[in-house]
Amino acid sequence: MPHKPVLLKETMVCLNLKEGEVLFDGTAGAGGHSREALKSLGNTGRLIAVDQDPRAVERCRTLFQNDPRVILLHENYKNVAQVLNFIKLHSVDAVILDVGVSSEQ
């Protein structure tokens, strides 16, 4: 049974994402926050999502498999500079990190 993302509405209000912006999700997890954020990013926005848990990355690959706006990598968020360099981006508009204890773990 999928879990509900923690503080989803509050997070989206605080991020205040706009169409065309770039979001870095450093803890993609089950993809709940990312999925909701994509609604605000519109057709021209981009989501860079990483997770160090290979199971989380596979879940998100399935969730976002047909979405060209999403770049998903098996990586730790502490390496954000290297990730952005790898995908040839210089900056992002917003960052989200859900660093609490994983519901699954």
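Here are legends for a handful of close-ups of this predicted model.

**View 1. A nonpolar patch on the surface, built from Tyr-77, Val-95, Leu-97 and Val-99.** Taken together, these side chains offer about 350 Å² of accessible area. Val-95 sits in strand β4, which covers residues 94–96. With a relative accessible area of 47%, Val-95 is partly exposed.

**View 2. Lys-78 in the loop between β3 and α4.** The flanking elements are β3 (70–74) and α4 (80–86). Lys-78 is exposed, at a relative accessible area of 63%. Pick Gly-29 as a reference point: it is 49 residues from Lys-78 in sequence, and the C-alpha to C-alpha distance is 15 Å.

**View 3. The salt bridge of Lys-39 with Glu-36 in helix α2.** The closest N and O atoms are 3.0 Å apart. The two residues are 3 apart in helix α2 (residues 32–41), so about one helical turn separates them. Lys-39 is exposed at 62% relative accessible area, while Glu-36 is partly exposed at 25%.

**View 4. Arg-61 and Glu-58, a salt bridge within helix α3.** Here the closest N and O atoms come out 3.3 Å apart. Both residues belong to helix α3 (residues 54–63), and their spacing of 3 residues is about one turn. Arg-61 is partly exposed at 37% relative accessibility, and Glu-58 is also partly exposed, at 46%.

**View 5. Arg-55 paired with Asp-53 in a salt bridge.** The closest N and O atoms lie 3.4 Å apart. Asp-53 counts as buried because its relative accessibility, 13%, falls under 20%. Arg-55, by contrast, is partly exposed at 48%. The whole model has 4 salt bridges, this one among them.

Notes:
Residues are numbered from 1 along each chain as its sequence is written. This is a predicted model: local features need pLDDT of at least 70, side-chain atom pairs count only at pLDDT 80 or more; totals for chains, interfaces and linings use all residues. Side-chain values use heavy atoms; hydrogens and water are left out. Patches are made of residues with over 30% relative accessible area and no salt bridge: like charges are joined within 9 Å, nonpolar side chains (Val, Leu, Ile, Met, Phe, Trp, Tyr) within 5 Å. Accessible areas come from the Shrake-Rupley method with a 1.4 Å probe; for residues, only the protein chains shown count as cover. Helices (H or I, at least four residues) and strands (E, at least two) are DSSP runs, numbered from the N terminus. Buried means under 20% relative accessible area, exposed over 50%, partly exposed in between (1.4 Å probe, protein chains only).
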